[in-house]
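Hello,

Here is the structure I promised to pass on to you. Please have it open while you read, as my notes follow below.

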Amino acid sequence: MSLPLGHALRPGPLERALRSGLVLYIVLLVAVPLLALGYVGLADGPVQFWDRVTAPVARSAVVLTLWTALLVGVIDTLVGTAIAWVLVRYPLTGRSVLSAMVDLPLAVPTLVAGVMLAILYGPTSVVGERFGLWGIEIVFARPGIVLALLFVTLPFVVRAVEPVLAELDPAEEEAAIVLGAGPLKTFVTVFLPALLPAALSGGMRSLGRALGEFGSIIVVAGNIPLATLTAPVFIFGEIESGAPRVAAAVSTVILLFALAAYAGARLIEQRTGARRATS
Amino acid sequence: MVHPCRDLQPPGIVGPFGHGEARHGPCSPPTPVNDHHLLSAPAWCAWLLLVLVLVLVGVGEGCSPIDDAAAGGDARSITLGAYTTPAAAYGTSLLPAFRRHEQERSGHDVTVRESYLASGAQARAILGGFEADVAALSHEPDIEKLRAAGLVTHDWKAGAHGGMVTRSVVVIGVREGNPKGIHQWQDLARPGIEVLTPNVRTSGGAMWNVLAIYGAAIRGHAGTPRGDQDAAIGLLAGILRNVKIMDRGARDSMLTFERGVGDAIITYENEILVGRADGKRYDYVAPRSTVLIENPIALVDAHVDQHGSREVTQALVEFLFTPEAQRLYAQHGLRPVVEDVADEVADRFVPVEDLFTVHDLGGWPRMQQVVFDEGGVYSRALDQSRGAAQ
């Protein structure tokens, strides 16, 4: 017996049950906790909310988290694209090993990543001591925060750009060269339009991930209020000291920025999807 | 009936989330979704599944791990909710000694389940449903939280020694041979000295540290005029400016120091003594004036009555105040509260010229308000330290 056309569009009872079950799953797992967070954050009214978020220590923590995440997003977009380029275009020996290493930061618990960095770059390590002589502090200072974030967000852009590069039709590149375009022009006219959306959306995901990073940061940052205390570590401290509303208020702010970053990533993906379909 | 959580309960350490983690209200209805097909008849299968899960979780929550003789009132099992500093003291010395003691006294075996968390986190876990029979915490305010919630109903400070089972002092740990010549609180404010102290928002130990500095300054023993609040804030700001890392708790801070970071660490005397007994090579100094740390212990009335474990828990608390137990505490670097034992082991601890208590400063509620609340001494010192640094 053959299935009628459009079978997929008219689900049977079992599929419908499965579908509503999954919708329920997402709602209970993600939406309900997020709403609860926003509810607790705003429980004492918007004025209180604003006061809590703009108190000096909270504000400095949010600002630090935002600019480090933004910086990391930009660096990841540039360096991640370059790494993907190298991985796809050049027949490196041990490429599969290198490629696996790119994913490693996702597998390593971030707390372990932090301990690793603290051991390697800490003021008592060989590397840290040398930098210390030059007056540069890495761990327990802001560079340590950026370093830890770069580590944990490495895969996002690389993995977003890689498949795009791999699937690019070599005919386009050949055509550009045959028509007399130099390497730079070839890159700008052929590669860039294809890569840019993937690189940007990967960068947005890096940024979103960086906003929430806690495990590695609490080890490497030093966590000094008004100096090296990031928003996630601040939130942790507020929970620990029995101020869940302050924690929820600052969490809500960070969450909004993360949502904006992910929405940006989705938007870029959808736009390019549409452009691909029409071109 | 077989309790399903009997098998789920891990032996030994009971985390604060061992039970009660699913303590939500009844399942709220789902957010309405536009598609009206969503809740067609078969969809109830999904709902049924969900309800089933909730029921199972609910059963798991309902049974307490210690209900052996809830009605009889002679349970032989105790749950201890403690802070992390004395974990080794309880685990390796005091609780085994208590079990032997009970065995001889009544011929019964007693089991003690132990949970160790940072003091504030432990207090919150107990408030959130962790059914500890006895709470041994870092400082008075954490026990007071349990009293305010109605879990501790007796006057826990009425007993001998005011409900305080151990003591310690806040000292300054320095590198071997004290190369930077650190002796007093004001030395920690010198430029170029790197200091470690944990975050007051997460660590009870850090609060003791701040009180030690503030108290010494306000009493005129730290290079500041007596009773001069601004000078005390200035000293605190100077020290905070030199703080490179604020770890989560006293233990983490000590580990950072042991990794070689920092010139000095402000910490409990017992942390240093235990480390040195362990072969770690660092020295410590007691400043001229510092605070006497007093760690409280209290039986949690609501839980012992529920578990029927009042008698055995009371026996444990009383045991901890015996000379035998107090000597064991001293072996782990904690100062005994019982006078005779304190005299006996006095040579193990450095003398302090001006040892003051929180009571001398006006008591915990007042210190909470003056020092730790928003706009208090600590937050002003913090602002001042960063303002001058930038």
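**What I found**

Chain B has a secondary structure of 15 helices and 11 strands. Please keep in mind that this is a predicted model.

I'll stay with chain B for a moment. The chain has 390 residues, and 53% of them count as buried. Its accessible surface is about 17,100 Å², with 54% of that belonging to carbon and sulfur atoms. If you take the contacts in chain B between residues at least 6 apart in sequence, 75% of them join residues at least 24 apart.

The element I spent time on in chain B is strand E4, residues 164–175. How many of its 12 residues are buried? The count is 10, so the strand is mostly covered, given that buried means under 20% relative accessible area.

Which strands does E4(B) pair with, and where do the residues face each other? Here is the list, with one residue pair for each partner:

- Strand E9 of chain B (residues 289–299) runs antiparallel to E4(B) and is joined to it by five bridges. Within this pairing, Val169(B) stands opposite Leu292(B).
- Strand E7 of chain B (residues 264–268) also pairs with E4(B) in the antiparallel sense, over five bridges. Here Ala264(B) is the residue opposite Val174(B).
- Strand E8 of chain B (residues 282–285) is antiparallel to E4(B), with four bridges between them. Ile172(B) has Val285(B) opposite it.
- Strand E10 of chain B (residues 335–336) pairs with E4(B) over two bridges, again in the antiparallel sense. Arg167(B) has Arg335(B) as its bridge partner.

When you look along the strand, it may help to recall that side chains in a regular strand alternate between the two faces of the sheet.

Now over to chain A. Its secondary structure comes to 12 helices and zero strands, so from the N terminus on every element is an α, as helices and strands are taken from DSSP runs. Along the principal axes, the C-alpha atoms of chain A fill a box of roughly 60 × 60 × 35 Å. Of its 279 residues, 42% count as buried. Chain A exposes about 15,000 Å², and carbon and sulfur atoms supply 72% of that area. For contacts in chain A between residues at least 6 apart in sequence, 75% join residues at least 24 apart.

Two residues of chain A are worth a look. Is Thr68(A) buried or exposed? Thr68(A), found in helix H3 (residues 56–89), is buried because its relative accessible area is 2%, below the 20% cut-off. Its side chain reaches the backbone oxygen of Thr65(A) at 3.1 Å. Leaving aside residues up to four places away in sequence, Thr68(A) touches Ile145(A), Val146(A) and Leu149(A).

The other residue is Leu22(A), in helix H1 (residues 13–41) of chain A. With a relative accessible area of 47%, Leu22(A) is partly exposed. Leu22(A) also helps to make a nonpolar surface patch of about 690 Å². The patch is made by Leu18(A), Leu22(A), Tyr25(A), Ile26(A), Leu29(A), Val30(A) and Leu34(A). Since patch residues need over 30% relative accessible area, the 47% of Leu22(A) meets that requirement.

Happy viewing, and best wishes

Notes: Residues numbered from 1 in each chain as written. Chains lettered and ligands numbered in written order. Predicted model: local features only at pLDDT ≥ 70, side-chain atom pairs only at ≥ 80, totals over all residues. Heavy atoms only, no water. Patch = residues over 30% accessible without salt bridge, like charges linked within 9 Å, V, L, I, M, F, W, Y side chains within 5 Å. Areas by Shrake-Rupley, 256 points an atom, 1.4 Å probe, with all protein chains shown as cover. Salt bridge = Lys/Arg side-chain N within 4 Å of Asp/Glu carboxyl O. Buried < 20%, exposed > 50% of the residue type's maximum accessible area, 1.4 Å probe, protein only. Polar contact = N/O pair within 3.5 Å; in protein donor to acceptor, adjacent residues only side chain to side chain. Contact = heavy atoms within 4.5 Å. Pairing = 2+ DSSP bridges.
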